[in-house]
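Work through these exercises with the sequence and the coordinates open. Try each task before reading its solution.

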Amino acid sequence: MTKKMKKRLYRILAGGVVFAAALIVEHGLHLDFNIALIIYLVAYLIVGGDVIRNAVRNIMGGQVFDENFLMGIATVGAFFVGDCAEAVAVMLFYQVGELFQSYAVNRSRKSISALMDIRPDYANKKQGDSIVKVSPEEVAVGDILLVKPGERVPLDGIVRKGDSTLDTKALTGESMPREVAEGSEIISGCINLTGVLEIEATKEYGQSTVAKILKLVESQGDKKAKTENFITKFARYYTPVVVILAVLLAVIPSLLIPGAAWSDWIYRALSFLVISCPCALVISIPLSFFGGLGGASKCGVLIKGSNYLEALAYSEIGVFDKTGTLTKGQFRVVQVNPEGCSEEELLLTAAYCEGYSGHPIAVSIREAYGKELDLSRLSDVEEVSGHGIRAVLDGKAAAAGNEKLMKQLGVSVKKPEAVGSVIYVVYDGSYMGSLVIADVIKEDAAEALKQMKSLGVKRTVMLTGDAKAVGEAVAEKLGVDQVYAELLPADKVEKMDALMTEKSEKGKLFFVGDGMNDAPVLAGADIGIAMGGMGSDAAIEAADVVIMTDEPSKIPKAIRIARRTLGIVRQNIVFAIGVKVLVLILAAFGLASMWAAVFADVGVAVIAICNAIRALKV
Amino acid sequence: MTKTFILEDLDCAHCAGVIEEKIQKLDEVKSAQVNFMSRRLVIDAEESAFDKIVKDAKKIIKKVEPDVEMVAAKL
């Protein structure tokens, strides 16, 4: 609790005790009413003194219809019509409500900042033989930094010495620690768990992942959802209207209805004033959105504003980039088809042929072979551009390459059925078989698409620059509705524009990409989602939603969070406005007391806030 | 250009809306946003106009919520 809140609490407690004493004096001891009145006044001043003071100050400043003023008039009015106990009680409850509000807001603010507590406080910079503690901003690119176990990695860099495991949970929501060793790239904000690391800074603090994420999180609420704006606008009209109604209620019936008691109608009007306070209505809405954004961050999904959270809930068309989004963007040997030899022999020959190549396909073949190569067995390596590689292995001619190379060599091959790049292998004049190399689909991609469908995403579309056969094979495996293949970056933008016209009036389109080369497409969609935000600067800048991990399954999760948050927001709006209107009507007919009115204000706020806090829990 | 400020001790969501509306209405301000939960006030305006805007904004805030203090956000 803050100092301000504590002060309020003590005032409430003290006021409550005096109020109880007043009640006893009036109803228990039946002493002279004037004695009770004085005690009531004391209680009132203890509890509501600051409200009255603020009301006076704000009226001097030209602020009418402000909460303090409304509560002040309502309670002072209650004294004048003789309902002293109610006047004090209303003020007491009002203060309890205010206290609860600031407590709840404070707690959510804190829980979010704790969630995003990734700011590194210092860096251990190596200077000659000594280590100096400096602030992360003072570190230059190329400096060597020491990160001990338990410390936070202050800047993005490369590990120069040591190995360790890193806790990336705060950044990615991933609870499995990540292993790093010499040469690994390392991102700021992670916590070093086991070993001492020496890292070389590759980016300044301001350009480092941690600074970018913090900036993103801090500015999260700057873009507001329509619902959020609706409620502020609603409050703008609600309060004056109810106050005017209160004035009319106080004056007109007493003049028109013969025998009407002034005090009775004024009492009803005062109830109106209590209900007219706007804050309770307004507060739960930003609190809910804030909770939703915070809950999403907790799962590694950073959403740049509540407007995007709101849009996500109406997702109708999902457009996906293929490579790096639905697939890993890494090549792997997916099929080994030996002909007259063992798989091992086939892989060995292919791996040696590709022994010196840095091409991703070559790397994937060596990985599939998995054993150390003794490159002295290899000689006369010749790369036949666009075809493959010819070499001499253990003194005999070997070759690995595509169909064209095989034609050149006059070897007849059997075409495998799988989709991907095919490498044929020949050794000592005889055909050994083929390898199929393809990009690997992410483990959770199919499940993610299925979930999106069940969440009401009507159409899923994949855009890819890849060959048609490859694109279609991936789409079929994943259950994507439509594929557009062999697209140049400009074609992707065009397709996106066309798709944007095909959605329904309320529906939204989201595009998911890995942030490489697709910034214009990200910008063209209603919601641009960038995947694997760690490290890709362009993605963090251009996207509306950044998914910190590489998992497409975070998208349905984000949609679910969005729906839930919006559901909570709607419940709160309907509940708060509903109760207020109901109590207004009852009060107008003299059926609701000021007690009901104060419930309509404070009670509703407390319930709505409790409901809003649910949004944070995912 | 945009500048960000923190509204310290901002406790009232409705007042945040009122402050936002009034700052938006200042002549030199292109756009202004108050985010109640993060207590941030983001103002977009010409750089040369900021001195005056900050002065006016502070005046507005003093009027609406005297307890709130407007300070420049740390980068």
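The exercises below concern a predicted model.

**Exercise 1. Chain B as a whole**

Task: Describe the secondary structure and overall dimensions of chain B.

Solution:
- Start with the elements. Chain B holds 2 helices and 4 strands. Read from the N terminus, their order is β-α-β-β-α-β.
- Next, take the extents. The C-alpha trace of chain B spans about 30 × 25 × 15 Å along its principal axes.
- Then test the radius of gyration. A compact globule of 75 residues would have a value near 11 Å, and chain B has 11 Å, so the two agree.
- Check burial. Of the 75 residues in chain B, 43% are buried.
- Finish with contact range. Take the contacts in chain B between residues at least 6 apart in sequence: 61% of them join residues at least 24 apart.

**Exercise 2. Where chain B meets chain A**

Task: How many residues of each chain are in contact, and which elements of chain B supply them?

Solution:
- Count both sides. In chain B, 15 residues are in contact with 17 residues of chain A.
- Assign the chain B side to elements. α1 (13–24), β2 (29–35), β3 (40–45) and α2 (50–64) of chain B each give at least two residues to it.
- Pick out the top contributor. The largest share, 3 residues, comes from α1(B).
- Sort by residue type. The chain B side has 7 nonpolar, 5 polar and 3 charged residues.

**Exercise 3. A buried glutamine**

Task: Is Gln220(A) buried or exposed, and what does Gln220(A) touch?

Solution:
- Locate the residue. Gln220(A) sits in the loop between α6 (209–218) and α7 (226–256) of chain A.
- Count neighbours. Gln220(A) has 27 other C-beta atoms within 10 Å, so it is buried. The cut-off for buried is 20 or more.
- List the contacts. Leaving out residues up to four places away in sequence, Gln220(A) touches Leu293(A), Ile303(A), Lys304(A) and Gly305(A).
- Look at one of these partners. Lys304(A) is 84 residues away from Gln220(A) along the chain, yet their C-alpha atoms are separated by 4.7 Å.

**Exercise 4. Domains and cores of chain A**

Task: Give the domains of chain A, then find which of them feed the largest nonpolar core.

Solution:
- Set the bounds. Chain A is divided into domain 1 (140–203), domain 2 (301–326 + 442–548) and domain 3 (329–441).
- Place two of them. The C-alpha centres of domain 1 and domain 2 of chain A are 31 Å apart.
- Find the core. The largest nonpolar core has 176 residues, and Val88(A), Val90(A), Ile529(A) and Val545(A) have the most contacts inside it.
- Trace its sources. Helix α19 (residues 554–588) of chain A gives the most to this core, with 13 residues. Domain 1 and domain 2 of chain A each provide at least three residues.
- Zoom in on Val545(A). Beyond residues up to four places away in sequence, its contacts include Val301(A), Ile303(A), Ile529(A) and Ala558(A).
- Add the other core. A second, separate core of 30 residues includes Ala351(A), Cys353(A), Ala400(A) and Ile423(A).

**Exercise 5. Strand pairing in chain A**

Task: Work out the order of the open sheet that contains β5(A), then describe the hairpin of β13(A) and β14(A).

Solution:
- Order the strands. The sheet has 3 strands in the order β6-β5-β8 of chain A, with antiparallel pairing.
- Name the edges. β6 (178–180) and β8 (191–192) of chain A are the edge strands, since each pairs on one side only.
- Inspect one pair. β5 (residues 164–167) of chain A and β6(A) pair over 3 bridges. Ser164(A) stands opposite Val180(A) in β6(A).
- Move to the hairpin. β13 (residues 378–384) and β14 (residues 388–393) of chain A are antiparallel, with 5 bridges. Glu383(A) has Ile389(A) in β14(A) as its bridge partner.
- Examine the turn. There are 3 residues between the two strands, and Gly386(A) in the turn has a positive phi of about 75°.

**Exercise 6. Two aspartates with positive phi**

Task: What are the phi values, locations and exposure classes of Asp428(A) and Asp9(B)?

Solution:
- Recall the background. Most residues other than glycine have a negative phi.
- Take Asp428(A). Its phi is positive, about 55°. Asp428(A) lies in the loop between β16 (421–427) and β17 (430–441) of chain A. Asp428(A) has 12 C-beta neighbours inside 10 Å, so it counts as exposed.
- Take Asp9(B). Its phi is positive, about 65°. Asp9(B) lies in the loop between β1 (2–8) and α1 of chain B. Asp9(B) has 14 C-beta neighbours inside 10 Å, so it counts as partly exposed.

Notes:
Residues are numbered from 1 along each chain as its sequence is written. Chains are lettered from A and ligands numbered from 1 in the order in which they are written. This is a predicted model: local features need pLDDT of at least 70, side-chain atom pairs count only at pLDDT 80 or more; totals for chains, interfaces and linings use all residues. Two residues are in contact if their C-beta atoms, placed from the backbone, lie within 7 Å. Ala, Val, Leu, Ile, Met, Phe, Trp, Tyr, Cys and Pro count as nonpolar, Asp, Glu, Lys and Arg as charged, and the others, Gly among them, as polar. Two strands pair if DSSP finds at least two bridges between them. Domain bounds come from an automatic or database domain assignment. The radius of gyration is taken over C-alpha atoms; the globule rule is 2.2 Å times the number of residues to the power 0.38. A nonpolar core is a set of buried Ala, Val, Leu, Ile, Met, Phe, Trp, Tyr and Cys residues joined through C-beta atoms within 7 Å.
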